[in-house]
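Student: Please pick one part of this model and walk me through it closely. I would like to see how its pieces fit together, and how far I can trust the details.

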Amino acid sequence: MAKAAASAIPSKGPCNPVGPTPRTSRERHQVPEYQPTTVPTGSKLVQDFPKIVHVNVGGHRFMTTIATLRADPNSMLGRMFSGEHPVLLDSDGSFVIDRDGRHFHHVLNYLRDFSVPIGLSRVDRVELLKEVDYYGIKALYQIIGGTTVATAAMSGGGGGPWLQSLTYDLARTEAADFSMHTHSHRTYARVRHGSEYSGDWIVSSPRNLPNVEYELYDACLARDPITALNKMGAAGFRPCVDPPEVPSSSRCQTDTWEIMMYKDIIQ
């Protein structure tokens, strides 16, 4: 292995139109400022590289040759593995690159023999573009990005900041589609004393609620309200009044109380 060298409430009078509440920058979900490549803490310049190199990319491990990593001398990888850019090593001597390693094999395949990926999904293509942009392999970036990147480049885009903005736009579009096709409804239940069951049980109404851990008859939760409430909470139910008014020990085995709970079901 290598040796390191170094809302407003309307009044009761006439109602005036109320404009939308201004949104803060956080609510607009602005695209964060693009951050260029940084050097990880603990990185050092390395001059002595082995012919066979072990690389740990975000937990994905690869073995390749130093010649492959230097195939594009102007790329980030070329600079890292020629001693021009600091590198980080893990405890077993592998070179660490803090990136998503799921697509790194495409990068290596291109550096080996100019092989380019085919059959990429839209998501995979965008993710790979981000990685190739980081590694600075311009020719592969242009091939994967196609006319979209070429068109953006004509107006000064097509690089890292443009790609980050594009990713956020796609995420917003998908989130809007998710919201349009996702519906929720609220289901209610009561926690009460189960006088119909022998044994002084605390029960749920209705019975047999999904994901609730019952002790008996798919209705009996526990023999005390606190344990019963905890079991309902573990199944995603929340008290309608929080904190709930828990009956005293002298009342919990009577029909004088109930605690209403709810759960929002997303479909």
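Tutor: Happy to! One term first, since the loops below are named by the elements on either side: helices (H or I, at least four residues) and strands (E, at least two) are DSSP runs, numbered from the N terminus. With that in hand, Pro-206 can be placed in the loop between E8 and E9. Please keep in mind throughout that this is a predicted model.

As for trust, the chain has a mean pLDDT of 86, with 87% of its residues at 70 or more. Residues 1–28 are another matter: their pLDDT is below 50, and beyond near neighbours in sequence this stretch has 21 contacts in the model. Where pLDDT is low, the predicted coordinates should not be read in detail.

The part I would pick is the sheet around E7. It is an open sheet of five strands, in the order E9-E8-E7-E11-E10, and the pairing is antiparallel. At its edges stand E9 (220–222) and E10 (238–239); each has a single partner strand, so one side of each is left without a neighbour in the sheet.

Now follow E7 and its two partners. Strand E7 covers residues 184–193 and pairs with E11, residues 258–266, in the antiparallel sense over nine bridges. You can check the register residue by residue: Arg-186 faces Asp-264 in E11, and Tyr-188 faces Tyr-262. On the E8 side, E7 is joined by four bridges to residues 202–205, again running antiparallel. There, Arg-192 stands opposite Val-203.

Ser-184, which belongs to E7, is a good residue to inspect. Which residues does Ser-184 contact, leaving aside its neighbours within four places in sequence? They are Ile-265 and Ile-266. The C-alpha atoms of Ser-184 and Ile-266 are 4.2 Å apart, although their positions lie 82 residues apart along the chain. Is Ser-184 buried or exposed? Ser-184 is exposed, because its relative accessible area of 54% is over the 50% cut-off.

Next come the connections, where the backbone geometry deserves your attention. Most residues other than glycine have a negative phi, and most peptide bonds are trans. Against that background, the bond from Ser-205 to Pro-206 is cis, with omega near 5°. A second cis bond runs from Asp-242 to Pro-243, also with omega near 5°; Pro-243 sits in the loop between E10 and E11.

The loop between E8 and E9 also holds Asn-211 and Asp-218. Asn-211 is not a glycine, yet its phi is positive, at about 70°. Asp-218 likewise has a positive phi, near 55°. As for their surroundings, Asn-211 counts as exposed at 65% relative accessibility, whereas Asp-218 is partly exposed, with a relative accessible area of 40%.

For contrast, here are two residues from elsewhere in the chain. Thr-64 is in strand E4, residues 60–65, and is buried, with a relative accessible area of 5%. Not counting residues within four places in sequence, its contacts are Lys-51, Ile-52, Val-53, Leu-69, Leu-108 and Arg-112. Ser-43 sits in the loop between H1 (25–28) and E2 (46–48). Ser-43 is buried because its relative accessible area of 17% is under 20%. Apart from residues up to four places away in sequence, Ser-43 touches Pro-86, Val-87 and Leu-88.

Finally, a stop at a pocket. The second largest pocket has a volume of about 250 Å³. Of its 14 lining residues, the ones nearest the centre are Asp-133, Lys-138, Tyr-141, Gly-158 and Gly-159. Helices H5 (122–135) and H6 (138–154) each supply at least two lining residues, and H6 gives the most, with six. By class, the lining holds six nonpolar, six polar and two charged residues.

To go back over the sheet on your screen, start from the nine bridges between E7 and E11, cross to E8 by its four bridges with E7, and then follow the chain through the cis bond from Ser-205 to Pro-206.

Key
Residues are numbered from 1 along each chain as its sequence is written. This is a predicted model: local features need pLDDT of at least 70, side-chain atom pairs count only at pLDDT 80 or more; totals for chains, interfaces and linings use all residues. Side-chain values use heavy atoms; hydrogens and water are left out. Buried means under 20% relative accessible area, exposed over 50%, partly exposed in between (1.4 Å probe, protein chains only). Contact means heavy atoms within 4.5 Å. pLDDT is the predictor's confidence in each residue, from 0 to 100. On a 1 Å grid over the protein atoms alone, a cavity is a set of points where a 1.4 Å probe fits but cannot get out, and a pocket is an open set with protein on both sides within 12 Å along at least five of seven lines; lining residues have an atom within 4 Å of a point. Grid points are joined across faces, edges and corners, and a volume is the space filled by probe spheres set on the points. Ala, Val, Leu, Ile, Met, Phe, Trp, Tyr, Cys and Pro count as nonpolar, Asp, Glu, Lys and Arg as charged, and the others, Gly among them, as polar. Two strands pair if DSSP finds at least two bridges between them.
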